[in-house]
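Here are my notes for a colleague who is opening this entry for the first time. Please keep the sequence and the model side by side while reading the points below.

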Amino acid sequence: GQNPAVTKWNVWKYKNPDKSSCKVEKQCGGEYEDEPSSPPACAASADPNTDLKKYSYDFTFADGTRKFGTSDSNTVDVTVDGKTVELHISCSDDFEDGYGEKGGPVEGQNPAVTKWNVWKYKNPDKSSCKVEKQCGRDDREVPSVSKMGMMKMGTKTKKDDDDKDDEDDRSSCADRDDPNAVIRTYSFDFTFVDGSRVKGTSSSASTYVRVKGKTFKINLGSDDFSDGFGRIGGPTRGQNPAVTKWN
């Protein structure tokens, strides 16, 4: 459900490959004449999976990682940015701010979800198969450099306007040099040696930012960036531009 199927393969194991006594010790392989199976006729047109189970999912994250597959369980573990993330795929989690309410991804620890779809199938292995439920968001805004810390996504409603008014009221305590309008536990403003500027807010002591096409986690609570690079998080020397100014 995540990668193309192998249609032909061979492996050779050699004994003493760097000597005159070199010989083939073992060989194995196979070839499959049949094309990989097509999805059942009941599969949703946007569903990228061919091996249907009760739940089918397709998630894209802020760092560009895409994970799709199928499961008979309403949770699934995926690896994003080198960490295991438990996703709830039963349509009970709406990932409203890009993060999970029941599971992952977790703000400050994992990249946010920017696009997702879940399909729940009834009788996926029978001729009576049908899509029982579908949920997701296809039109989320991918976080930009300046928005990485805030992750304000979704359709604007009257409630959003009311919430914004409340947030503006709470922002009256903001330091005059703070460029962020909405205040949370941590407010940050970083400039990098390549000229990139990252600003935003976070309720966690660390958050993900994207600079020069690469996403990395930056520590807001205890890193001093004394040499332009992070001791606890990024940026990492040799991989990311150095910090030249930060607050």
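1. In which strand does His88 lie? In this predicted model, His88 lies in strand β6, and with a relative accessibility of 15% it counts as buried, because the limit for a buried residue is under 20% relative accessible area. Leaving aside residues up to four places away in sequence, His88 touches Asn74, Thr75, Asp93, Phe95, Lys102 and Gly103.

2. To place that residue in the whole, it helps to look at the chain from its N terminus on. The protein chain has 13 strands and one helix, and the elements follow one another as β-β-β-β-β-β-β-β-α-β-β-β-β-β. Of its 247 residues, 36% count as buried, while the chain exposes about 14700 Å², of which carbon and sulfur atoms supply 44%. Among the contacts between residues at least 6 apart in sequence, 39% join residues that are at least 24 apart.

3. The strands deserve a closer look, beginning with one sheet. Four strands form an open sheet in the order β4-β3-β7-β8, with antiparallel pairing; its edge strands are β4 (66-71) and β8 (130-137), each of which pairs on one side only. From one strand to the next, the twist averages 10°. Within this arrangement, β3 and β4 run antiparallel and are joined by six bridges, and the bridge partner of Thr60 in β4 is Arg66.

4. The largest nonpolar core has 16 residues, of which Phe59, Val78, Leu87, Ile89 and Val118 touch the most other members. At least two residues of this core come from each of β3 (55-61), β5 (75-80), β6 (83-88) and β7 (113-122), and β3 gives the most, with four residues. Val118 may serve as an example of the surroundings: not counting residues up to four places away in sequence, Val118 touches Ser56, Tyr57, Phe59, Ile89, Cys91, Lys133, Gln134 and Cys135. A second core, separate from this one, has 11 residues, including Phe188, Val211, Phe216 and Ile218.

5. Turning to charged side chains, a search of the whole structure finds six salt bridges. Side chains of opposite charge can pair when their charged atoms come close. One of these salt bridges brings together the side chains of Asp58 and Arg66, at 2.8 Å from N to O; Asp58 is buried, with a relative accessible area of 12%, whereas Arg66, at 44% relative accessibility, counts as partly exposed. Arg66 is thus worth finding in the model on two counts, as the partner of Asp58 in a salt bridge and as the bridge partner of Thr60.

6. Another salt bridge joins Arg197 to Asp189, with the closest N and O atoms 2.7 Å apart. Here Asp189 counts as buried at 14% relative accessibility, while Arg197 is partly exposed, with a relative accessible area of 42%.

7. Where do Arg237 and Asp227, which form a further salt bridge, lie in the chain? Both lie in the loop between β12 (214-219) and β13 (243-246), 10 residues apart, and their closest N and O atoms are 3.0 Å apart. Arg237 counts as exposed at 55% relative accessibility, whereas Asp227, with a relative accessible area of 45%, is partly exposed. In addition, Asp223, Asp224 and Arg231 are joined into one network by salt bridges that share partners.

Technical notes. Residues are numbered from 1 along each chain as its sequence is written. This is a predicted model: local features need pLDDT of at least 70, side-chain atom pairs count only at pLDDT 80 or more; totals for chains, interfaces and linings use all residues. Side-chain values use heavy atoms; hydrogens and water are left out. Buried means under 20% relative accessible area, exposed over 50%, partly exposed in between (1.4 Å probe, protein chains only). Contact means heavy atoms within 4.5 Å. Accessible areas come from the Shrake-Rupley method with a 1.4 Å probe; for residues, only the protein chains shown count as cover. A nonpolar core is a set of buried Ala, Val, Leu, Ile, Met, Phe, Trp, Tyr and Cys residues joined through side-chain atoms within 4.5 Å. Two strands pair if DSSP finds at least two bridges between them. Axes are lines fitted to C-alpha atoms, for helices over the stretch in contact, and angles run from 0 to 180 degrees between N-to-C directions. A salt bridge is a side-chain nitrogen of Lys or Arg within 4 Å of a carboxyl oxygen of Asp or Glu.
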